[in-house]
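User: Hi! I've just loaded a new model and would love to talk it through with you. Shall we start?

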Amino acid sequence: FFRHFFHFSLTIMASLEERVLTRLSQVDSIESMALAKELEVEHQAVVGVVKSLSSSEMVTLKQSESMMYGLTSEGLEATRDGSAEARVWVLLPATMPDLESRLGKETAKVGVSKLSNKVKFSKEGKTVTVERKDPADAFTDLTQEQLRAVQQCSSLEEAAVHEVVPKAAMNDLKKRKLVTLGKAVHFVVNRGPKFSLKRIKEQADLTREMLLDGSWKTTTFKAYNFEALGKPCAGGHLHPLLKLRQEYREVLLELGFQEMVTNSWVESSFWCFDSLFVPQQHPARDMQDTFFLQSPAETRNHPAEYLARVAKVHSEGDYGSSGYNSKFSLAETQRNVLRTHTTACSARTLYQLAQTGFKPGKYFSIDRVFRNEEMDKTHLCEFHQIEGFVVDENLSLANMIYVLEQFFLKVGVKKLRFKPAYNPYTEPSMEVFGYHEGLKKWIEVGNSGVFRPELLQPMGFPPEVRAIAWGLSLERPAMMLYEFNNIHKLVGANVDLGFVKEAPICRVVL
């Protein structure tokens, strides 16, 4: 049905195009409304045809605007069925309820009002009856005649209509919302440089067949528009999480931190746990919290002397510590895992610093970690961790609080609170809370602590060297900044690709 309807519409348009071209061949120029009236078609149909011809340079158009009258839906109804007063007149005598039920309340009210000098009213009880003053009086529907005159003048401008229908009458019709006065766009149509009685189809491309048979010599081609915009490239876009990661990265670089190497997603349990003085019986090392690799299942190339010192401090104690007084398992320390925190990268970096000669320094990392956790709207099995540490002689808790204040001030958290906490590899340890100005409450923003001697001294650091460290996630601040209450809208299969494409760089101001 739609195919036949479309074909039928094209046929009508082609026929109208021929009629327009024929009429233009007889005159130098013609106004589009006058042309529509001559051809007895809608003005918009003529406008569509002449615009199409203009694109082929067969005609030229000069646009103009003028104020013109048009009939409303009520006006069209009055030209067909008569005005409200005429419809009331033919029903008289009648009661008001009867008129309202047959004509509608509004039509009955307007009609009776317009006939007020030709009718009289009587009342019986609460019922009002309307009847003619003179039953023999004739009635001429002047309103209908005026509306039909306006309809005939639909292609004339405002002033020309007033010559047919007086201005006072037109104002009354406008008040009754039977006609409207609006701006109309029309065109003066002239023959163009490529005018002909039949449109010649222009080809868009030079084909192989045209070259072979020589038809290209007589073929008319469309002009190329070298200034037209090409098709937009569907290029890639940085995920909002990566934009935010870069923001944090620049903050840390401004504070003088160096970036650590973090390309080892797979770590041995030695670097991920044992080097950090996490006991081998710690719950975090169970299957329900950590992803263990099946292949390769273990790593054996650990620094032998360092491994021996770590094993000793775990099982027997050293450096002023009694250790855990439990057997150190070599098989356990060799097991490969998906790293559960980027502190494994911090351990590697600190070990390298101890081997190359101690120098004070500030280091950070922002990378992915993995936890075997149950997923919900605020937790994933993988996420990003922001971590930093400062290593120097005789650092204290006061130094750590200062560093944290400077960092969080840079990301917009002006008020901080600290709460004592426990971590296997830091002592003392503190949870960090920041006041969220938008939520008007204190929220946890990170964790921190001073690395234990059992972590640093087996690496080769002297006793006076201390390292203060802290960390936080990347996804949680991103959810707050982009106002998401479900992390799956930020990461995963439910992410809106339009959001990825259009999301602005969100400044790290919590």
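User: Let me begin with a detail: is N394 buried or exposed?

Analyst: Happy to help! One thing to keep in mind is that this is a predicted model. N394 counts as exposed, because its relative accessibility is 54% and the cut-off for that class is over 50%.

User: Where does N394 sit, and what is its phi?

Analyst: You'll find N394 in the loop between β11 and α17. Its phi is near 60°, which is a positive value in a residue other than glycine. Most residues other than glycine have a negative phi.

User: Which residue touches N394 from further along the chain?

Analyst: E464 is in contact with N394, and also with D392 and E393, once neighbours of E464 within four places in sequence are left aside. E464 and D392 are 72 residues apart in sequence, with 8.4 Å between their C-alpha atoms.

User: And where is E464 itself?

Analyst: E464 belongs to the loop between α18 (453-456) and β15. With a relative accessible area of 34%, E464 is partly exposed.

User: Back to phi for a second. What about K177?

Analyst: K177 is not a glycine, yet it has a positive phi of about 60°. K177 lies in the loop between α10 (167-175) and β6 (179-191), and at 61% relative accessibility K177 counts as exposed.

User: Nice. Which peptide bonds are cis?

Analyst: Here are two. The bond from L92 to P93 is cis, with omega near 0°, and P93 is in the loop between α5 (84-89) and β3 (94-95). E427 and P428 are also joined by a cis peptide bond, with omega about 5°, and P428 is placed in strand β13.

User: Let's zoom out. How many helices and strands are there?

Analyst: The protein has 20 helices and 15 strands. Its radius of gyration is 43 Å, well over the 24 Å that the globule rule gives for 510 residues, so the protein is more spread out than a compact globule.

User: What are the spans along the principal axes?

Analyst: The C-alpha trace spans about 125 × 90 × 40 Å along them.

User: How much of it is buried, and what does the surface look like?

Analyst: Of the 510 residues, 40% count as buried. The accessible surface comes to about 29400 Å², and 53% of that belongs to carbon and sulfur atoms.

User: I'm thinking about electrostatics too. How far apart are the mean positions of the positive and negative charges?

Analyst: They are 4 Å apart, for 63 positive and 63 negative charges.

User: What share of the contacts is long in sequence?

Analyst: Taking contacts between residues at least 6 apart in sequence, 70% join residues at least 24 apart.

User: Now the inside. Which residues have the most contacts inside the largest nonpolar core?

Analyst: Those are Y248, L252, I386, F407, F408 and W470, in a core of 37 residues. Elements that each supply at least two residues of this core include α12 (240-254), β11 (382-393), α17 (397-410) and β15 (465-473). Apart from this core lies another one of 31 residues, among them Y306, F328, F461 and V465.

User: What does L456 touch?

Analyst: Not counting residues up to four places away in sequence, L456 touches L350, F451, F461, V465, R466 and A467. L456 is in helix α18 and counts as buried, at 2% relative accessibility.

User: How far is L456 from K489?

Analyst: Their C-alpha atoms are separated by 41 Å, with the two positions 33 residues apart along the chain.

User: Two serines to finish. Where are S346 and S268?

Analyst: S346 is in helix α16 (residues 343-355), while S268 is in strand β8 (residues 266-268). S346 counts as buried at 0% relative accessibility, and S268 counts as buried at 3%.

User: And which residues surround them in contact terms?

Analyst: Leaving aside residues up to four places away in sequence, S346 touches M260, E387 and F389. With its neighbours within four places set aside, S268 is in contact with T299, H302, T333, R335 and N336.

User: Last one: how far is S346 from D205 in space?

Analyst: S346 and D205 are 63 Å apart, C-alpha to C-alpha, and 141 residues apart in sequence.

Conventions: Residues are numbered from 1 along each chain as its sequence is written. This is a predicted model: local features need pLDDT of at least 70, side-chain atom pairs count only at pLDDT 80 or more; totals for chains, interfaces and linings use all residues. Side-chain values use heavy atoms; hydrogens and water are left out. Helices (H or I, at least four residues) and strands (E, at least two) are DSSP runs, numbered from the N terminus. The radius of gyration is taken over C-alpha atoms; the globule rule is 2.2 Å times the number of residues to the power 0.38. Buried means under 20% relative accessible area, exposed over 50%, partly exposed in between (1.4 Å probe, protein chains only). Contact means heavy atoms within 4.5 Å. Accessible areas come from the Shrake-Rupley method with a 1.4 Å probe; for residues, only the protein chains shown count as cover. Lys and Arg count as positive and Asp and Glu as negative; His and the chain ends are not counted. The place of a charge is taken as NZ of Lys, CZ of Arg, CG of Asp or CD of Glu. A nonpolar core is a set of buried Ala, Val, Leu, Ile, Met, Phe, Trp, Tyr and Cys residues joined through side-chain atoms within 4.5 Å.
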